[in-house]
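User: Could you take a close look at one part of this protein for me? I would like to hear about the cysteines and whatever surrounds that story.

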Amino acid sequence: YMKSKPVISTHSHHLDDSSFQGFTLDNLLRQTYVNWCGVTFDNTSKSKDNYLDKVRYKSYFVWLQKSLQELYSFDEPLSSDNWDKISKRIEASYQNPNFHVKILKQKCRYEKVILDTYWNSGSHNGHPDIFSPAFRVDPFFHGYAPGVKDHDGNDPAKLYGSLPENLTDYIMWIREIILRKKQEGCIAIKSAVAYDRGLDFKAVTKERAERVLRLEDDKKTKEDIKAFQNYLFQCICEIAAEFNLPLQCHTGMGQLTDTRAIAMKEVIERNPKTKFILFHCSYPWTGDISALLHAYPNVYPDLCWLPILSPTMAKRTLHELIEVGTSDKVCWGCDTWTSEESYGALLAFRFVLAEVLVEKINDGYFSLSDAKDIIDRIMYSNAVSLYGLK
């Protein structure tokens, strides 16, 4: 049933066309989560064997390999012996420069993918028919001093021009940029500041926040910077509500200190008109999502990344979300850079969703018809409604 249905992927970092020129297996593996394992390889069989020996049980690799087997027609596990043969199949497929989009449309059956190109925020990669961009606001949190960059190396002044000197003008400047990005097609705001700081956005006064702008750079303390960022996040929440843009928030993994979703309780409570989409379900603190979902109607869990990160935790989390939330809340996104890993992420999510629904049916929790309704909602209609897709 899932294979027959269209899908909305609510989060992706899909690379642009130029990144797939001369694309090989080596290029692919270095653009996936498997690369996050910190295991390297070179052109020798020995290094490839060592690489595969260390990553083969990692969930990232398992689902990517399943994707490659299906897309490139082989059954045996990836090995140093078949590495070059499979790489040549990939390279030959990419002689068609549109091949990566073909996988997304025809194999994954995505009707829309919400795209977070953090290196060129707001871009649809030249494919507006399938990609709808989110606008990432992380650089703005570093506008308290010249030359300060976020974790992706983005400097707000270099991206958007000279920074206003006072906080009132700075917030208006950000508001105007967000409005322009919405008019250009952005359908969500994205925050991944959990890679730079905690998510404990306490309420602060404007006067306290503006203090950091008046100080010499060497006198700006961590507390001054945090107050500025806390105030800015509150303003972005208000702008998101004003422009009816869902606010996608990275939760859980990141710098790990104060990045669990429950840290956002106060800011969620202060902004009932803002739609908070909590990415990755706060892994590994997934219980936070269920608690916030139960307490606040403006919370929307997104399972992106979780099924390929840990299918076991994804199943447990999805069971809880079905039991605790309303049927219009949960979405899923692939959260990948390449089509091959995107399809692997989709395979992982289908597996998780099917396992959970079968258990619920066998337990008498709901019927097969109900299970199909949940599939339609999580994989399509919830995202259509939440993001105003047509």
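Analyst: Happy to help; here is a walk from the whole chain to its cysteines, and then on to a helix and a glutamine.

Keep in mind that this is a predicted model. The protein chain holds 15 helices and 7 strands. Its radius of gyration is 22 Å, close to the 21 Å that the globule rule gives for 390 residues, so the chain is as compact as a globular protein of that length. The C-alpha trace spans about 65 × 55 × 35 Å along its principal axes. Of the 390 residues, 56% count as buried. Among contacts with a separation of 6 or more, 73% join residues that are 24 or more positions apart.

Now to the cysteines. A disulfide is a covalent bond between the sulfur atoms of two cysteines. How many disulfides does a search of the whole structure find? The count is 0. Cysteine 235 shows why: the closest cysteine sulfur to its own belongs to cysteine 237 and is 9.1 Å away, too far for a bond, given that the two sulfur atoms of a disulfide must lie within 2.5 Å. Cysteine 334 is in no disulfide either, and its nearest cysteine sulfur, in cysteine 108, is 7.4 Å away.

Are these two cysteines buried or exposed? Cysteine 235 has a relative accessible area of 8%, so it is buried, because the cut-off for buried is under 20%. Cysteine 334 counts as buried too, at 2% relative accessibility.

Burial also helps to describe a helix. Helix H11 covers residues 287-295, and its buried residues are Asp288, Ile289, Ser290, Leu292 and Leu293. An α-helix has 3.6 residues a turn, so residues three or four places apart point the same way. What do the buried residues of H11 pack against? Their partners are two helices, H10 (265-270) and H13 (311-324), together with two strands, E6 (276-279) and E7 (299-302).

A last stop is glutamine 65, which sits in helix H3 (residues 59-71). Its relative accessible area is 15%, so glutamine 65 is buried. Apart from its neighbours within four places in sequence, glutamine 65 is in contact with Pro77 and Leu78.

Finally, a look at the surface and the charges. The accessible surface of the protein chain comes to about 16,600 Å², and 48% of that belongs to carbon and sulfur atoms. The chain carries 48 positive and 51 negative side chains, and the centres of these two sets lie 2 Å apart.

Terms used: Residues numbered from 1 in each chain as written. Predicted model: local features only at pLDDT ≥ 70, side-chain atom pairs only at ≥ 80, totals over all residues. Heavy atoms only, no water. Helix = DSSP H or I, 4+ residues; strand = E, 2+ residues; numbered from the N terminus. Rg over C-alpha atoms; globule rule 2.2 N^0.38 Å. Buried < 20%, exposed > 50% of the residue type's maximum accessible area, 1.4 Å probe, protein only. Contact = heavy atoms within 4.5 Å. Areas by Shrake-Rupley, 256 points an atom, 1.4 Å probe, with all protein chains shown as cover. Lys, Arg positive; Asp, Glu negative; His and termini not counted. Charge placed at Lys NZ, Arg CZ, Asp CG, Glu CD.
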